[in-house]
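Visitor: Hey, can you walk me through this one? I'm new to looking at structures.
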Amino acid sequence: MTGRDGGAPLEPLGNTPVVILVRPQMAENIGTTARAMANGGLFHLRLVSPRDGWPQDRAWRTASGADRILEAATVHESVDDAIADLHHVYATCPRPRHIVKTVMTARGGAAELRAATERGLKVGLMFGPERAGLDNEDMARADALIRYPLNPTFMSLNLAQAVMIMAYEWWMAADATPPRTLMTNETHVATKGELENFVSHLVRELDGCGFLRNEQKRPGMVRNLRHFFTRGEVTEQELRTLHGVVRELAHPRRAED
């Protein structure tokens, strides 16, 4: 099973960065790179002198349905050929040495990539071979370098992980998903009126059973109850359940037969 029989209906999502793998060594890593790209909405893949040639069925086995990215991938003999039609190129580099060049984080690089593509420019992200990364000649072709601010005592990423970080940051640079949301499914967040109706129900039953019999403490106790239920976003379904609980507790326990 190579995966060539199907795959997700992937296609370019506008003007997105080209991912350039320089001298990739393993077909499996090319496949997992395509998978990572698809998660972040990237589509264009260019391979510079892949060690084992191209195509390789093993790549499709690890792409998890990102077949169309692999099918559209192009092969180039040199970095210069792979980037000839691009306006800006950014190179990932774990340890830049003896180079005078702008170095950005993945998030900063993604923001600049977005700004460039919004101006209609074509941009590329260059990743080096698995063992050694990009050499100085490769990085000399880049406008800027991208270095991930990870644990300084352990910075070890495989190729697909490195691509996934940039794909994620690219996607998030334009994503409008709220950072926090409450999943309510088929119910809704309770309105103030629904909440007050429940609190009134609860207080009536607490008065009836004598729990609020201390007149001096009663206002503060009721206030604390109201604070408890207004601290979070209680749903209408949760209030209905609580109404049922209060009703059942308010009735004398039936003797068992």
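Guide: Sure, one term to start: a crossing is right-handed if the near helix is turned clockwise from the far one by less than a right angle, and left-handed if anticlockwise. This is a predicted model, where local features need pLDDT of at least 70, side-chain atom pairs count only at pLDDT 80 or more, and totals for chains, interfaces and linings use all residues. Residues are numbered from 1 along each chain as its sequence is written, and side-chain values use heavy atoms, leaving out hydrogens and water.

Visitor: OK, so in which sense does α5 pass α7?
Guide: α5 makes a right-handed crossing with α7. Helices here are DSSP runs (H or I, at least four residues), strands are too (E, at least two), and both are numbered from the N terminus.

Visitor: And at what angle do they pack?
Guide: About 55° between α5 (residues 106-118) and α7 (residues 159-172), with the axes 8 Å apart. Axes are lines fitted to C-alpha atoms, for helices over the stretch in contact, and angles run from 0 to 180 degrees between N-to-C directions.

Visitor: Which residues of α5 and α7 make the contact?
Guide: From α5, A106, R107, A110, L113, R114 and T117; from α7, I165, M166, E169, W170 and W171. Contact means heavy atoms within 4.5 Å.

Visitor: Switching topic, how many helices and strands are there in the protein?
Guide: The protein has 10 helices and 7 strands.

Visitor: What about domains?
Guide: Domain 1 is 18-172 and domain 2 is 192-256, with bounds from an automatic or database domain assignment. Their C-alpha centres lie 59 Å apart.

Visitor: What box do the C-alpha atoms fill?
Guide: Roughly 85 × 45 × 40 Å, along the principal axes.
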